[in-house]
Amino acid sequence: EIKEMEIMPDHIHLFISTKPTVSPTDVVRTLKSISARELFNRFPKLKAFYGRAGSLWSKGYFASTIGNVSEETVKRYIQEQKTRTG
């Protein structure tokens, strides 16, 4: 379940909820795979370019649990990303 999302020019912030038995690596791999396939279907020129270049998404990602922070704090952080400079 995607609880919050913000799309930036060079990265995406996602706040998601999954079953504790699902590894973060599997979540990221699935999201990157499905989104790349959907983008390639909608925009064939992307597929032609990235087919030669390698892959659409970079290999890296950052994942963390919310720990002692409330859901509302995480959602607010993500919502404020477009207004931050730096």
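Start by selecting β1 (2-7) and β2 (12-16), two strands that pair in the antiparallel sense over 5 bridges. Strands pair here if DSSP finds at least two bridges between them. The model is predicted: local features need pLDDT of at least 70, side-chain atom pairs count only at pLDDT 80 or more, and totals for chains, interfaces and linings use all residues. Residues are numbered from 1 along each chain as its sequence is written, and side-chain values use heavy atoms, with hydrogens and water left out.

**Stop 1: the two strands**

Follow the backbone from β1 to β2, and you pass through a hairpin of 4 residues. Now select Glu 6 and His 13: Glu 6 stands opposite His 13, which belongs to β2.

Which residues of β2 are on its covered face, and which on its uncovered one? His 13 and Phe 15 make up the covered face, while Ile 12, Leu 14 and Ile 16 make up the uncovered one. In a regular strand the side chains alternate between the two faces of the sheet.

Stay with Leu 14, which sits in strand β2. Leu 14 counts as partly exposed because its relative accessibility is 35%. The cut-offs are these: buried means under 20% relative accessible area, exposed means over 50%, and partly exposed lies in between (1.4 Å probe, protein chains only).

**Stop 2: a nonpolar patch**

Keep Leu 14 selected and add Ile 2, Met 5, Ile 7, Ile 12, Leu 31 and Trp 57. Together these residues form a nonpolar patch on the surface, with about 590 Å² of accessible area. Two elements, β1 and β2, each give two or more residues to the patch, and the largest share, 3 residues, comes from β1. Patch residues have over 30% relative accessible area and no salt bridge; like charges are joined within 9 Å, and nonpolar side chains (Val, Leu, Ile, Met, Phe, Trp, Tyr) within 5 Å. The areas come from the Shrake-Rupley method with a 1.4 Å probe, and for residues only the protein chains shown count as cover.

**Stop 3: the whole chain**

Zoom out and colour by secondary structure. You should find 3 helices and 2 strands, following the pattern β-β-α-α-α along the sequence. Helices (H or I, at least four residues) and strands (E, at least two) are DSSP runs, numbered from the N terminus. The C-alpha trace spans about 45 × 35 × 20 Å along its principal axes. Of the 86 residues, 16% count as buried.

**Stop 4: three salt bridges**

The structure holds 3 salt bridges, each defined as a side-chain nitrogen of Lys or Arg within 4 Å of a carboxyl oxygen of Asp or Glu.

Select Glu 71 and Lys 3, whose side chains meet in a salt bridge (2.9 Å, N to O). Glu 71 is in helix α3 (residues 71-79) and Lys 3 is in strand β1, so this pair ties together parts that are 68 residues apart in sequence. Glu 71 is partly exposed at 32% relative accessibility, and Lys 3 is partly exposed at 23%.

Move next to helix α1 (residues 24-42), where Asp 26 and Arg 29 are 3 residues apart, about one helical turn. They form a salt bridge, with the closest N and O atoms 3.2 Å apart. Asp 26 is partly exposed, with a relative accessible area of 32%.

Also in α1, select Arg 42 and Glu 38, which lie 4 residues apart, about one turn of the helix. In their salt bridge the closest N and O atoms are 2.8 Å apart. Is Arg 42 buried or exposed? Arg 42 is exposed, with a relative accessible area of 58%, whereas Glu 38 counts as partly exposed at 38%.

**Stop 5: helix α2**

Select residues 44-53 to see helix α2, which is hardly covered: the count of buried residues among its 10 residues is 0. Then pick out Phe 49 and Tyr 50, an edge-to-face aromatic pair with 4.9 Å centre to centre and 90° between the planes. The count of aromatic pairs comes to 1. Rings of Phe, Tyr and Trp (its six-membered ring) pair if their centres lie within 6.5 Å; planes under 30 degrees apart count as stacked, over 60 as edge-to-face and the rest as tilted. Phe 49 is partly exposed at 45% relative accessibility, and Tyr 50 is partly exposed at 24%. Just after α2, look at Gly 54, which takes a positive phi of about 130°.

**Last stop: the annotated span**

Finally, select residues 1-81, which the UniProt annotation "domain: Transposase IS200-like" (unreviewed entry) covers. UniProt positions are given in the numbering used here, feature names are shortened, and annotations may be inferred rather than shown by experiment. The end C-alpha atoms of residues 1-81 lie 20 Å apart, and the span is 47% helix and 14% strand.
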